[in-house]
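Biologist: Please take one part of this model and look at it closely. Then follow the chain outwards and tell me what surrounds that part.

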Amino acid sequence: MRITLTSVLVDDQAKALDFYTRVLGFEKKYEVPMGEYAWLTVVSPDAPDGVELVLEPDQHPAARSFKAALAADGIPFTAFTVDDVEAEQARLSAAGVVFTQPPTTMGPVTTAVFDDTCGNLIQIQSPAPA
Amino acid sequence: MPIVEVMDDADAVFKALADRTRRALLDALAERDGQTLFELCARMASTHGLTSSRQAISQHLDVLEGAALVHRRREGRYTFHDLDTTPLTPLRERWRRPDERTPR
């Protein structure tokens with residue numbers, strides 16, 4: 001058994017694909033039409049054969065209230081690793097991405113939190129500068 | 001005659017300050033306003049060594065808000081917390097001797 005996929009619940013797959021590729025810089029790996037929705041995944045260009053992120057529709061009512069409750073308390077359910085949180089925050093802010101937490105060092109990691117425009121808060125993290 | 005407990009503003013401030021976690025929350029907000037509950041919880045755990053639950057932290061913030069030391073600000077889907085030190089001013093002034101009082 002291996003872990004090759006992780007998911008993020010998105011309110012609109014087309015909008016999510018645009019944000020996760022054009023803004024964040026991931027690349028589309030699979031888009032398989034499945035009726036109303038698609039099996040839609042993206043990967044990091046740094047690891048095209050690595051873990052795929054599934055852009056999963058949040059059409060179940062429970063998924064939406066789950067996301068709203070997390071967002072209200074500022075909780076990112078999903079986190080990505082970057083080389084330099086400060087640099088990534090500067091790049092994404094310039095692209096219009098809204099951060100609910102600027103880069104902050106907490107113990108061994110530096111983290112920041114942004115809004116993915118699809119109903120989620122996402123944390124980016126890197127090891128704190130020594 | 002029973003003592004009737006009526007909380008005035010000073011009571012609310014002293015009660016709010018009489019707790020280590022609440023003081024640590026004020027320390028965290030003094031570093032930067034506009035923090036979410038998530039960030040405050042993370043700071044409590046990582047830099048203050050306090051392992052209170054999210055619910056407990058939220059209740060501490062209620063007490064701080066009751067004393068007007070913290071304000072919750074809603075922006076869209078998010079809630080941010082800001083520090084307000086205005087309620088501390090009367091405490092500073094209260095026990096100054098006449099010759100120490102700030103000129104008005």
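Modeller: I will start with a sheet, then move to its hairpin, its helix and the wider contacts.

This is a predicted model, so local features need pLDDT of at least 70, side-chain atom pairs count only at pLDDT 80 or more, and totals for chains, interfaces and linings use all residues. Residues are numbered from 1 along each chain as its sequence is written, while chains are lettered from A and ligands numbered from 1 in the order in which they are written.

Look at chain A. Four strands form an open sheet there, in the order β1-β4-β3-β2, and the pairing is mixed. (Strands are DSSP runs of E, at least two residues; helices are runs of H or I, at least four; both are numbered from the N terminus. Two strands pair if DSSP finds at least two bridges between them.) β1 and β2 of chain A are the edge strands, and each pairs on one side only. From one strand to the next, the twist averages 25°.

Now go to the edge strand β2(A), residues 27–34. None of its eight residues is buried, so β2(A) lies largely in the open. (Buried takes 20 or more other C-beta atoms within 10 Å of the residue's own, exposed takes 12 or fewer, and partly exposed is in between; C-beta atoms are placed from the backbone.) β2(A) pairs with β3(A), residues 37–43, in the antiparallel sense over seven bridges. A:M34 has A:Y37 in β3(A) as its bridge partner. Two residues sit between the strands of this hairpin, and A:G35 takes a positive phi near 70° there.

A helix joins the picture. α1(A) packs on the sheet and touches β1, β2, β3 and β4 (52–57) of chain A. (Residues are in contact if their C-beta atoms, placed from the backbone, lie within 7 Å.) The direction of α1(A) makes about 5° with that of β3(A). (Axes are lines fitted to C-alpha atoms, for helices over the stretch in contact; angles run from 0 to 180 degrees between N-to-C directions.)

Step back to the domains. Chain A is assigned domain 1 (1–60) and domain 2 (74–130); such bounds come from an automatic or database assignment. Over C-alpha atoms, the centres of domain 1 and domain 2 of chain A are 19 Å apart. Their contact takes 10 residues from domain 1 of chain A and eight residues from domain 2 of chain A. On the domain 1 side, β1 (5–10) and α1 (13–23) of chain A each supply at least two residues. α1(A) gives the most, with four residues. By class, that side has six nonpolar, no polar and four charged residues. (Nonpolar means Ala, Val, Leu, Ile, Met, Phe, Trp, Tyr, Cys and Pro; charged means Asp, Glu, Lys and Arg; the others, Gly among them, are polar.)

Domain 2 of chain A runs over 74–130. A:T117 lies in the loop between β7 (109–115) and β8 (121–127) of chain A. Phi of A:T117 is near 65°, a positive value in a residue other than glycine. A:T117 is partly exposed, with 18 other C-beta atoms within 10 Å.

Last comes the neighbour. Chain A and chain B each give 11 residues to their contact. On the chain A side, α2 (61–72) and β6 (99–106) are the elements that give two or more residues. β6(A) gives the most, with four residues. That side has five nonpolar, five polar and one charged residues.

Terms used. Two residues are in contact if their C-beta atoms, placed from the backbone, lie within 7 Å.
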